[in-house]
Amino acid sequence: MKLLAQGAEAKIYVKGDIIIKDRVKKSYRLPEIDLKLRKSRTRAEARLISKATRAKVNVPQVLNANDKTMKLELEKIEGSKVRDVLTPDMCKLIGTQISKLHKASIVHGDLTTSNMMLRDGQVVLIDFGLSQYSERVEDKAVDLHLFKECLKSKHFDIWLSCWKNFLQNYTDKAVLKRLEAVERRGKYKH
Ligand SMILES: Nc1ncnc2c1ncn2[C@@H]1O[C@H](COP(=O)(O)OP(=O)(O)O)[C@@H](O)[C@H]1O
Ligand SMILES: [Mg+2]
């Protein structure tokens, strides 16, 4: 087993063609709360990825979710991190995926190009660690706001054409309307 990545919440291991997401103990949390949180997040992540699968969103297959050991086993996506290979054209594919996800009442919660992979010309969404079930327009608008901010900061040279292409395939008008309000609020915060 090889350590692939170490995030804030989890260690990611590779074992052949399987990814193992192992939620690590946080010593700053009370032990009972820490255990509960890691268990519920492991369960929630598995549940939401499976829900996304049923909604025909491109996501890794959940192979096993063990809420005793808090290990989540996922299909390994062979491809590149979108962050490293993003093109404006690719943002149309991202628009389609996020549109389907939101239609299924799933808010990703961490929509950055580091949490997307490109495999065989298809965009696959990963990392549902901060995802939640939500039908709220506000939550979906915040999801888009995060993605737009990611484009502006990590892909500043192409961000505008990326965003325009994304909008071609993201179809929820109410969410886009709310995004304007989210952005206005953002401005007053800085
Ligand atoms: N199913 C997967 N297939 C391939 N790589 C993955 C997969 N899941 C995670 N990774 C890799 O591990 C990294 C961290 O995983 P992620 O689920 O995003 O955890 P974190 O919550 O730590 O960000 C990802 O950016 C990606 O490079
Ligand atoms: Mg991540």
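The buried residues of helix α5 sit under a cover that includes α3 (90-103) and α4 (137-154). This is a predicted model, so here's a quick tour of that helix, the ligand site and one residue of strand β1.

**Helix α5**
- Helix α5 runs over residues 159-169, and its buried residues are C162, N165 and F166.
- Look down the axis of α5 and those buried residues fall within an arc of 105°, so they line one face of the helix.
- That fits the usual geometry: an α-helix has 3.6 residues a turn, so residues three or four places apart point the same way.
- Flip to the other side of α5 and you'll find K164 and Q168, both exposed.

**Ligand 1**
- Ligand 1 lies between domain 1 (2-75) and domain 2 (80-189), because both of them give residues to its shell.
- There are 18 residues around ligand 1, and A5, G7, P60, I77 and D127 come nearest.
- By class, the shell breaks down into 9 nonpolar, 4 polar and 5 charged residues.
- Strands β1, β2 (10-15) and β3 (18-23) each chip in with at least two residues of that shell.

**L4 in strand β1**
- L4 belongs to strand β1, which spans residues 2-6.
- With 13 other C-beta atoms within 10 Å, L4 counts as partly exposed.
- Setting aside neighbours within four places in sequence, L4 is in contact with I12, Y13 and V14.
- L4 and T87 are 83 residues apart along the chain, and their C-alpha atoms are separated by 25 Å.

Notes
Residues numbered from 1 in each chain as written. Chains lettered and ligands numbered in written order. Predicted model: local features only at pLDDT ≥ 70, side-chain atom pairs only at ≥ 80, totals over all residues. Buried ≥ 20, exposed ≤ 12 C-beta atoms within 10 Å, placed from the backbone. Helix = DSSP H or I, 4+ residues; strand = E, 2+ residues; numbered from the N terminus. Arc of directions from axis to C-beta. Contact = placed C-beta atoms within 7 Å. Near = placed C-beta within 6 Å. Nonpolar A, V, L, I, M, F, W, Y, C, P; charged D, E, K, R; others polar. Domains from an automatic or database assignment.
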